[in-house]
Amino acid sequence: MLENKDIKTTYYEAYPKSFVDSNADGIGDLEGLRSKLTILSQLGANYILLNQIFAKKDGNIDFYQVDEEIGSLEDVGRICEKGKYIRVKTILDFEAKDLIATYGDNLKEEISDLLEHWKDIGIKGIRIKNIDDFSSDSQKAGDEIISEIRNITREFGLIFIGGFDKVDQKFKNQVDMVYFSKANSLVKEKNSYKEFYEFLDMAQSLSGEMPVGLDFENFKSPRLIEKILNHDEEARPLTEALATLLFSLKTAPFIYQGTEIEAKSEYDIDIDAISDLAIKKIYENYIEEGFNSEEAIEKLKKESNFSAKIPLRWDESRLGKFSEVENYYGTMVQYDNNYKEYLKHADSFFFYMYDIIMLRKRDSVFGLGDYEALTIDETAYAYKRTYKDKAYVVLVNLTDDFYEIEEKITDLIKDGKVIKNNNHDYDPEVLDAYQAVIIEL
């Protein structure tokens, strides 16, 4: 069962193949991830979700084994063991359709042995994405599978996070936490965010009934700064505004690896150097549709999960300390966006994110408090958070133009105290481009 502290905390989604390469084969691995686990703990993450780690044999997934390219069962155990000392719990990530494809009608009977296997290795929970797929043939059969998983995770003391596509009250009591990954897909074009904001608003309403978690980007989606910004635009204001939004909402925040260093692809991409066949296929499809190479690469960054897969950079060197050899993807995050530089400077985005994570942990208003929407339109999103005798108003503008704040909100905040602001200026009547402000009333 989730406790209040689990709702207030931060969940970190890791894709080991692009985190750190510890054995110089050009592919990130579990040992590389383990070696950097302390940094994630220092950022404020208390849960780490391992994405895409299972072995594949003859086109089928072996959920009992680890992909040998990234490590072994023992490596997962070492991550869990290290986590005990730095208060980071490990959660395994599953896809419902993959479980169905592997076990078919026997899934209900097999799931107990599978979860016991991983519990013995040391994992503390599971997330099953697209859990609605269990009910694709029969709602009753799907409900029975989910109920069985719920009973087993309770028996084993594991957290059960269920990924759903729709916001629906029926999920109450089926899982420990409902997880949504839909937000990224609702950001379709720059300066048009109403659908995105409205989805977040619905998720907040649902979180009054049960714990709800969401992310803005993940393994399957483009990074938001790639989708929204052009290469000549500074990333910092937007990344700070997005972080302020994610961590001040009532929903539990899930962040995808590299977000803390504003991960963004390099300007020049050599498509021939990329070994990932799925990415190359997407690029080839764009070319076949009539786009030139430059246009196809730009679409690759903004519409595919290419930017979610590229390796992290740990220093400013050509290979970025990710590996001692050329990496599998043939590209990396931008030179300036590396861990060494971000950890050296207290005013870096890493520490901005750290500060707001700590604010969420310290102040129960953000993790446990009530939520009330004040404004939702294409430009701005404003809401009020209250808990006992405390109240805050959060104002967010994700567009590249200023926004005139409604008079009713101006009157509410005019005597308030600004506790977080990603802009040098503060005007209770106007939000600047990419500005986010938290005001204590």
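Is Tyr-434 buried or exposed? The tour returns to that residue at its last stop. The structure on display is a predicted model.

**The whole chain**

Begin by displaying the entire protein chain, which holds 17 helices and 17 strands. Its radius of gyration is 22 Å, close to the 22 Å that the globule rule gives for 441 residues, so the chain is as compact as a globular protein of that length. Along the principal axes, the C-alpha trace spans about 65 × 50 × 45 Å. Of the 441 residues, 57% are buried. If one considers contacts between residues at least 6 apart in sequence, 70% of them join residues at least 24 apart.

**The hairpin of S3 and S4**

Next, select residues 54-57, strand S3, together with residues 60-66, strand S4. The two strands run antiparallel and are joined by four bridges. Within this pair, Lys-56 is placed opposite Ile-61 of S4. Two residues lie between the strands of the hairpin, and Asp-58 adopts a positive phi near 55° there.

**Lys-119 in helix H6**

Now select helix H6, residues 107-121, and pick out Lys-119 within it. Lys-119 counts as partly exposed because its relative accessibility is 29%. Which residues does Lys-119 contact, leaving aside its neighbours within four places in sequence? They are Phe-156 and Leu-158. For a sense of distance, add Ser-293 to the selection: its C-alpha atom is separated by 47 Å from that of Lys-119, and the two residues are 174 residues apart along the chain.

**Asn-191 in a loop**

Move to the loop between strand S8 (177-180) and helix H8 (194-206), where Asn-191 is found. Although Asn-191 is not a glycine, its phi is positive, at about 70°. With a relative accessible area of 30%, Asn-191 is partly exposed.

**Helix H11 and its surroundings**

Select residues 277-288 to bring up helix H11. This helix has twelve residues and reaches 16 Å from its first C-alpha to its last, close to the 16 Å expected at 1.5 Å a residue. Show the side chains of Ile-279, Tyr-283 and Tyr-286, which are buried in H11. These residues lie on the same side of H11, because they cover an arc of only 55° around the axis. A general point of helix geometry is useful here: an α-helix has 3.6 residues a turn, so residues three or four places apart point the same way.

Turn the view to the other side of H11, where Leu-277 and Glu-288 are exposed. To see what covers the buried residues, add helix H12 (293-303) and helix H13 (306-309), which are included in that cover.

Both ends of H11 merit a closer view. At the N-terminal end, Asp-276 acts as a cap, with a side-chain oxygen 2.9 Å from the backbone nitrogen of Ala-278. Just after the helix, Gly-290 has a positive phi of about 110°.

**Tyr-434, the last stop**

Finally, select the loop between strand S16 (430-431) and strand S17 (436-440), and centre the view on Tyr-434. This residue is not a glycine, yet its phi is positive, near 55°. The opening question can now be settled: Tyr-434 counts as buried, because its relative accessibility is 7% and the cut-off for buried is under 20%.

Note on methods: Residues are numbered from 1 along each chain as its sequence is written. This is a predicted model: local features need pLDDT of at least 70, side-chain atom pairs count only at pLDDT 80 or more; totals for chains, interfaces and linings use all residues. Side-chain values use heavy atoms; hydrogens and water are left out. The expected span of a helix is 1.5 Å times one less than its number of residues. Buried means under 20% relative accessible area, exposed over 50%, partly exposed in between (1.4 Å probe, protein chains only). The arc is that of the directions from the helix axis to the C-beta atoms. Contact means heavy atoms within 4.5 Å. A polar contact is a pair of N or O atoms within 3.5 Å; within protein, one must be able to donate a hydrogen and the other to accept it, and residues adjacent in sequence count only if both atoms are side-chain atoms. Two strands pair if DSSP finds at least two bridges between them. The radius of gyration is taken over C-alpha atoms; the globule rule is 2.2 Å times the number of residues to the power 0.38.
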